Amino acid sequence: MNRILKRIAAVFTAVSVIAAIPCFAYGATYTSDITVIGQQLRSACAQRLKQDTLLFKTQEKLRVSTLNSELYRVTDDPYEGDYLRYTIDNIEYKVADLKKSGTYYYYLLRAVPVYKTDIDQQQAVIQYVDEKTSGFGFTFMDSEYYKVRTIYDYLKSDIVYDESAGDTAYDAASGTADSKGIAMLAYAVFKNAGLGSRIIAGSAGHYWNLVKIGEEWYNLDITSEEEGGFLTSDETFGNLYERDIDQTQLESCPADYAPSEEVFDLGITNDPSTGKLIIAWNRIEGATYKVYRNTSPGVTDTEADEPFLETDSSTFTDSEGTAGKKYYYIITAEKDGVTYKTVERYRCVDLAAPTAKSALLSSKIKVTWTKVSGAKKYYVYRSTSPDRNFKLVKTTTGRVYYHTTAKKGVRYYYKIKASNGNSAATSAFSNMAYRTFR
């Protein structure tokens with residue numbers, strides 16, 4: 001054992017060794033999928049765990065850089081990726097045990113992170129981000145530019161920039177922070193609103209964001225009062241700050257943003273929890289809107305028919321629809337004597353999504369879910385990963401599924417859809433139920 005530990009010292013930089021623990025303990029499951037290790041690390045950090053145990057097998061000797069690349073992988077989660085990178089003050093990986101068997105090295109590691117914020121402070125950040133994002137009232141018809149501009153204007157007015165203040169998202173959410181804290185909070189808000197974002201470190205210890213609109217990235221500095229800090233190219237932004245050398249390989253910003261003319265149009269989606277239709281359209285500042293609805297295409301006459309709804313808002317939820325039925329909508333907008341009109345669009349009302357839960361029995365995993373009004377059957381999907389590779393494993397008219405082939409030590413994830421027999425009217429996925437079989 002000591003010979004093996006000495007052999008990996010040169011490649012496993014900054015890893016300290018603690019007392020050995022038997023490597024092949026009964027029930028221990030070693031994964032060879034580094035992405036699983038990354039998910040485990042990120043989950044532990046989200047819970048602010050002070051130590052996490054990792055079981056990993058690999059045919060090549062493990063490096064700290066490999067672990068960190070997975071720990072800081074950029075995902076859709078607002079509190080992972082760059083946010084997590086600047087939340088963790090330091091992380092140490094300790095080799096508790098190492099054994100070579102066949103072509104594999106078996107690592108038992110302890111990950112020991114040190115955080116800049118505790119779990120209560122992180123919960124305060126999450127509450128801030130959720131409340132502000134919800135308060136913006138964004139819909140799926142709002143352009144990415146509109147979302148970026150709205151968030152930028154709000155955060156700029158809501159947070160006091162002070163380079164001598166605290167450097168965490170919690171400090172920013174509390175009202176005053178330096179450029180790093182503001183960039184972290186902005187990253188979380190942008191991501192929570194469905195926008196691409198990165199955090200960039202630059203000259204003079206300054207931090208700012210990149211945001212993605214369409215297929216292009218742009219520099220955006222919420223702290224900047226100078227021209228060139230909003231949606232600019234690397235060349236333009238370079239008049240303010242330059243990236244640190246290790247940041248130059250991140251997304252480049254080749255051009256300044258040029259706003260395009262918006263077209264008045266509507267979109268329709270389903271509320272995942274109820275299946276009801278949410279109708280939204282492009283905002284026209286100062287306009288009032290009329291909503292026309294029909295159950296057949298091409299019959300609405302906006303000159304003669306009474307509108308289904310008149311509103312100053314640019315979205316509404318149609319709570320009167322019947323599951324499995326199509327509804328057709330046209331929106332008109334009136335402003336300064338000018339009438340704008342959308343094309344006609346339609347969508348089918350879905351069923352509500354079920355709520356799932358799981359239980360561990362002596363020889364199987366039991367998954368159950370709530371009854372959905374109007375449902376005639378349910379589809380059960382299963383995976384060993386929380387975010388990919390879900391496969392249909394059962395179609396049933398009941399509300400229970402027994403997983404009888406589960407393997408010990410493996411965590412399984414389950415999601416359910418409801419259907420009334422009409423392929424155009426299934427529900428969204430349920431919540432994700434999961435269980436580790438033991």
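## Overall picture

Among contacts in the protein between residues at least 6 apart in sequence, 62% join residues at least 24 apart. The model behind this value is predicted. The secondary structure comes to nine helices and 24 strands.

The C-alpha trace spans about 90 × 65 × 35 Å along its principal axes. The protein has 438 residues, and 45% of them count as buried.

## Nonpolar cores

In soluble globular proteins, nonpolar side chains tend to be buried together. Where do such side chains gather here? The largest nonpolar core has 38 residues. V148, I151, L220 and L231 have the most contacts inside this core. Helix 8, residues 179–192, gives the most to this core, with nine residues. A second, separate core has 22 residues, and among them are L41, C45, L62 and I88.

Which residues does L231 touch, leaving out those up to four places away in sequence? The list includes V148 and L220, both named above for their contacts inside the largest core. L231 also touches Y145, V211, I213, Y218 and N219. D256 and Y257 complete the set.

## Strands 6 and 7

S197 sits in strand 6. Is S197 buried or exposed? Its relative accessible area is 1%, so S197 is buried. The side chain of S197 reaches the backbone oxygen of L210 at 3.1 Å. L210 also appears among the residues that S197 touches, not counting those up to four places away in sequence. The others are Y187, F190, K191, N209, V211 and W217. Strand 7 covers residues 207–213.

K212 is found in strand 7. K212 is partly exposed, with a relative accessible area of 27%. Beyond residues up to four places away in sequence, K212 touches E144, L195, G196 and W217. W217 is thus a contact of K212 and of S197. How far from K212 is Y105 in space? The two are 41 Å apart, C-alpha to C-alpha, and 107 residues apart in sequence.

## Helix 2

A44 lies in helix 2, which runs over residues 34–46. A44 counts as buried because its relative accessibility is 5%, and the cut-off for buried is under 20%. A44 touches L49, D52 and Y115, not counting residues up to four places away in sequence.

A44 and A111 are 67 residues apart in sequence. In space, their C-alpha atoms are 9.4 Å apart.

## Two loops with positive phi

Most residues other than glycine have a negative phi. Which values do A204 and D336 show? Phi of A204 is near 60°, a positive value in a residue other than glycine. D336 is not a glycine either, and its phi is positive, about 55°.

A204 is placed in the loop between strand 6 (197–201) and strand 7 (207–213). With a relative accessible area of 78%, A204 is exposed. D336 lies in the loop between strand 15 (326–335) and strand 16 (338–341). D336 counts as exposed too, at 73% relative accessibility.

## Strand 13 and T311

T311 is found in strand 13, residues 309–311. T311 has a relative accessible area of 18%. That value makes T311 buried, because the cut-off is under 20%.

What lies 2.9 Å from a polar atom of the T311 side chain? It is the backbone nitrogen of S313. T311 also touches W281, T288 and Y289, with residues up to four places away in sequence left out.

## The second largest pocket

The second largest pocket has a volume of about 230 Å³. It is lined by 14 residues. Closest to the pocket centre are Y146, R283, I284, E285 and Y289. Y289 is one of the residues that T311 touches.

How is the lining made up by class? Five of its residues are nonpolar. Four are polar, and five are charged.

Methods:
Residues are numbered from 1 along each chain as its sequence is written. This is a predicted model: local features need pLDDT of at least 70, side-chain atom pairs count only at pLDDT 80 or more; totals for chains, interfaces and linings use all residues. Side-chain values use heavy atoms; hydrogens and water are left out. On a 1 Å grid over the protein atoms alone, a cavity is a set of points where a 1.4 Å probe fits but cannot get out, and a pocket is an open set with protein on both sides within 12 Å along at least five of seven lines; lining residues have an atom within 4 Å of a point. Grid points are joined across faces, edges and corners, and a volume is the space filled by probe spheres set on the points. Ala, Val, Leu, Ile, Met, Phe, Trp, Tyr, Cys and Pro count as nonpolar, Asp, Glu, Lys and Arg as charged, and the others, Gly among them, as polar. A nonpolar core is a set of buried Ala, Val, Leu, Ile, Met, Phe, Trp, Tyr and Cys residues joined through side-chain atoms within 4.5 Å. Buried means under 20% relative accessible area, exposed over 50%, partly exposed in between (1.4 Å probe, protein chains only). Helices (H or I, at least four residues) and strands (E, at least two) are DSSP runs, numbered from the N terminus. Contact means heavy atoms within 4.5 Å. A polar contact is a pair of N or O atoms within 3.5 Å; within protein, one must be able to donate a hydrogen and the other to accept it, and residues adjacent in sequence count only if both atoms are side-chain atoms.
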